[in-house]
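These are my notebook entries on a structure I looked up today, written down in the order in which I went through it.

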Amino acid sequence: MRTKKIVSVALLGILALAGCSDSSETATTGSAPPADKKITVGFSVYDMQYEFFQKMAKGTQDAVAAKGWEIKLHDEKSDENEMVTGASALIDQGVDLLIISPFKPTALGPIIAKAKAKNVPVIVNDIGGGGTPYDAIVISDNAGGGKLAAEFMDKQIQANGADSKNVASITCEPSATYAARRNAGFKEEIEARGYKVVAELSGNSKAEEGYKVMKDILSANPDVAGVFSCNDPMGVAAANAIKDAGKSPVTDIVSVGFNADPEALTAIKADLLAATVAQDPAAMGALTVTLGEQALNKQPIQFSNAAEREVFNPVTLVDKTNVDSIG
Amino acid sequence: MSTQTMTEKPSEKAVTGRSSKVSLGRLWDTWGVTALLVLLLLCTPAIAPGFLEIENLQSVLRESAYVGIVAVGMTFAIASGAFDLSVGGQLALTSVVTLMAFNGGGTAAAVAAAITTGLLCGLVNAGLITRLRVPPFVATLGSLFVFRGIAYLLTQDGPQTLPYEHVDSPFAKIGSLNVAGLPVPFLIMVAVFAAGWVLMRRTAIGRRTLAYGSSPSAARFCGISDTRIRLFVFVLVGLTVGIAALTYITRVWTADGSAQDGFELKVIAAVVLGGTALKGGKGTLIGTFSAVFLVSVLNEVLVSQGVESAYQRIVLGCVLIVALTIDGLRTRFASPGSFRRALRPTS
Amino acid sequence: MTNTIKKVPLLVPLVLVMAILAVSTDTFLSTGNLENVLVAAAILAIPGIAMTFCLAMGEFDLSIGSTVSLAGVACCSALIAGQPLAFSLVVALGVGALIGLANGVVITKLGVTPFIATLATMVIVRGASLAYTDGHDQIVSSPGLKYLVAGRPLGVPMPIVLAVVLAALGWWTINRTRFGRWVCAIGSNREAARMSGLPVDRIRIAVYVLVGLSGGLWGLLISSQLQKGNGQLGLGFELDAITVVVLGGTALLGGRASIVGTVLGALMIETIRNGLNLLNTPPAYQRISVGLLLIAALALLALRRREKRGTKPNRVPARVQESAA
């Protein structure tokens, strides 16, 4: 595994070198970066232990290599101190553009202050912007994803012929305010469709706790017709709990997750999970590089939400009908 | 650990941790980790050329300050024969309260809030231990949950933050300013270490803490009060957390209940790696100081080499074992007092 | 009866909490929910029982959470590689036992204090689990593995069967065998135990292997529930296991062990968690309640001990303390 990674990094390096000659032309068309200097992009990643961020890093690396630029990766390892230290170090090392998917969005302040002082544009990838003056943020439409989940759940519950209008919602840890938009979007839409969210409990983003919480929900409200989980580890864990209680996570209690992690796709194929909401981390990574280039060249950026400088990356609902076409 | 203390009441020599006899083992106790750190620093530029950049060095000094500051308090706690497992909870709670105070009343209020909250946390622990007679390990394990829980309650609607418009406030500058090229958090850390050293080596309460740690019952017979030692040690830990929170929060600008999960293990590991015995009775602040930087420089080297975080963990764990093994083997085979120690009456 | 209450101080608060929940919710006493609580408590009690031995010895093991992760990963990857179930289970338990053995050897032969040794293995084993999986889930769909949590021999859920058997074994070992007495002897005075010729090092290693094995079993149970293994499972579990034992009244300084207390401790934690979930309470309150419970239980215990003992023979009279200050 390790060797494979080294080889791929080496290949990327060669690609970057090969692409160099082309990029000098494109670079001259832009105004800000001098033609003789290769652009270096710093990317500070939330946590490389997670597949989602591995894909995001891959998408970013590929897009950077395609432009003939260089990339420096930093792993925040799910730690706000490491995030501030490492991202500041990238700026110290002279990167021309900083892309960051922040472990704690509210800790972006000192990083952006430093970047501003050195005139380095900052593009935030996902999670949140923490109310700081970043140049742009690429974000999955979390609330929109929650709504998609609610729409699907409503349809599926009706198809199942259940008469209960009670559903449950499992949230991430209390501090994940941006992921909470998923549950908020879900709640708003499902209540508009005449359902009642009878339990809203936190599984702290962990599979183990998601399983236990679902068991407790089943005890307290045996008649729930659906459950929405803030991420897939908890979603699949909840589905396992439902299955262990002798019910079907698709036809008895409609279980929906979020992220389209491989385990969720596997579960959907095996009728263990009804649906999940797919984000496309690789596309998000590529989008940050495009936006970064625009910021470097002082070109205007097309925002989905100009007030917050947000660029939405669309989310899609994945269920049994389209699971084979995904990842 | 001097062997005379075991069978006799603690003598002045033993209590101050100094002895006329110079042995390799004794040197290792105080300077071993420092030697390792120097060795690592000598090798580092060859492995990671960027390491010597001024900004990088400043970053290393700045990022470890909060660990180092709490490690001073923890050195006293461990030297007295007790842990404080609640420092992570204390740091989270103090940081949250400090930011609330800053957003309500500015820099002065924030500083006052940090120190007060830290002291209060320490008092709570001391109260549990001395009044309710709960063993320190359990008392602080319990208060870890409680402090974190309160921090979670205070941040139910989202983390507390330092708003970006205050980027130039004196408060935010605590974390980012350099004085004569040295980061302010590092200077604060050095001051805390210096104060700690004076406290441990030059004051009665410091010596009594060591004496108490080396043998609580002997110390009791010499008239040292348990209550006072416990109160001193745990309030001191709280105070250091308060100071550390100031350097921490002005660097990361945000706090909630989950801030610095596992902080207690980080701090205790640094103290023990530095050469302070978990059994109590021996404390070396110089060792603690070096250990804090040993860990952060090593981390820095691993990161600069592009080592994945999974492998970083493995290396750091192995270093911990190797460093402590040297110490363990030395006390096991080289100390002539092992037999006499066996006769030591346990309290 | 009063004797039982004195011996197992957790009994009264546990009954109290259950009574409160029975009144304040209409679902707590349903069979489904009681079984749910019992199963969760059983899973928590299993590592607790082994950890009881460790704490009785005056030591503790911080690496058990990482063991949960690596054992789960080992079992699931073996299953994915097409190995038979029995082999996969043995591999997982073997991984646990090996980690325990490594802990024991580092602690006894290299003289590293247990806190640091197990802290280091905690970090190393977690790293190994992450490195081996490269951050990916090892997903299985194994009815055989599922039997560990969903199986019902004689109608009783499998985790409860396992916990009852292990608790009985643990109780018997602590109270009725030489090994149990030795463990407590080491806990009350290790050097004295060594001087009287006990094979102290071997006993300590055995206890760490025991804890490792229980971590392996815990990992199997978690992976059985979730049908997967990965590097993120079991984070923070070491505190759960230790909390259960401490809550159960096994003295941290060693020398005393209460398996019944540990089982009740597990029951207490899971009852509270379940109750707060039934009442739809935010997670912050769960942490606070566990912390307060821990402090209250231990404070009660300590105060009672002080009453019983009166003045300790070697306690310094107050007058001397005054003059020293």
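I began with sheets, for which I count two strands as paired if DSSP finds at least two bridges between them. I also note at the outset that this is a predicted model.

**Entry 1: the sheet in chain A**

I looked up the strand order in chain A and found an open sheet of six strands, 2-1-3-4-5-11, with parallel pairing. At its edges stand strand 2 (70–75) and strand 11 (310–313) of chain A, and because each has a single partner strand, one side of each is left without a neighbour in the sheet. For the twist I noted that neighbouring strands of this sheet are turned by 20° against each other on average, with direction ignored.

I then asked which helix packs on this sheet. Helix 10 (residues 281–296) of chain A does, touching strand 1, strand 3 (97–100), strand 4 (122–125), strand 5 (136–140) and strand 11 of chain A, and its direction makes about 165° with that of strand 4 of chain A.

**Entry 2: the two edges of the sheet**

At one edge, strand 1 (residues 40–45) of chain A pairs with strand 2 of chain A in the parallel sense over six bridges, and within this pairing I looked up F43(A), whose bridge partner in strand 2 of chain A is L73(A).

At the other edge, strand 5 of chain A and strand 11 of chain A pair, also in the parallel sense, over four bridges, and here S140(A) has N313(A) in strand 11 of chain A as its bridge partner. Which residues of strand 11 of chain A are buried? V311(A) and N313(A), which point to one face, are buried, whereas E310(A) and F312(A), which point to the other, are not.

**Entry 3: a helix pair in chain C**

I turned to helix 2 (residues 11–24) and helix 13 of chain C, whose axes come within 10 Å and cross at roughly 20°. Angles under 35 degrees count as roughly parallel, so helix 2 of chain C is roughly parallel to helix 13 of chain C. The crossing of these two helices of chain C is left-handed.

From helix 2 of chain C I listed L11(C), L14(C), V17(C), M18(C) and L21(C), which meet L264(C), L267(C), M268(C), T271(C), I272(C) and G275(C) in helix 13 of chain C. By class, this contact has nine nonpolar, two polar and no charged residues.

**Entry 4: a buried helix in chain B**

Helix 10 (residues 204–214) of chain B has nine of its eleven residues buried, so it is largely enclosed by the rest of the structure. Among the buried residues of helix 10 of chain B I noted R207(B), R208(B), T209(B) and Y212(B).

**Entry 5: where the chains meet**

For chains B and C, I found 50 residues of chain B in contact with 48 residues of chain C. Helix 7 (136–154), helix 11 (216–221), helix 13 (263–273) and helix 15 (309–334) of chain B each supply at least two residues of the side that touches chain C, and the largest share, 15 residues, comes from helix 15 of chain B. That side of chain B divides into 30 nonpolar, 13 polar and seven charged residues.

For chains C and A, the contact takes 29 residues from chain C and 28 residues from chain A. Helix 3 of chain C gives the most to the side of chain C that touches chain A, with four residues, and by class that side has eleven nonpolar, 15 polar and three charged residues.

Key
Residues numbered from 1 in each chain as written. Chains lettered and ligands numbered in written order. Predicted model: local features only at pLDDT ≥ 70, side-chain atom pairs only at ≥ 80, totals over all residues. Contact = placed C-beta atoms within 7 Å. Nonpolar A, V, L, I, M, F, W, Y, C, P; charged D, E, K, R; others polar. Axes fitted to C-alpha atoms, helices over the stretch in contact; angles between N-to-C directions. Parallel < 35°, antiparallel > 145°, perpendicular 65-115°, else oblique. Left-handed = near helix turned anticlockwise from the far one by under 90°. Buried ≥ 20, exposed ≤ 12 C-beta atoms within 10 Å, placed from the backbone.
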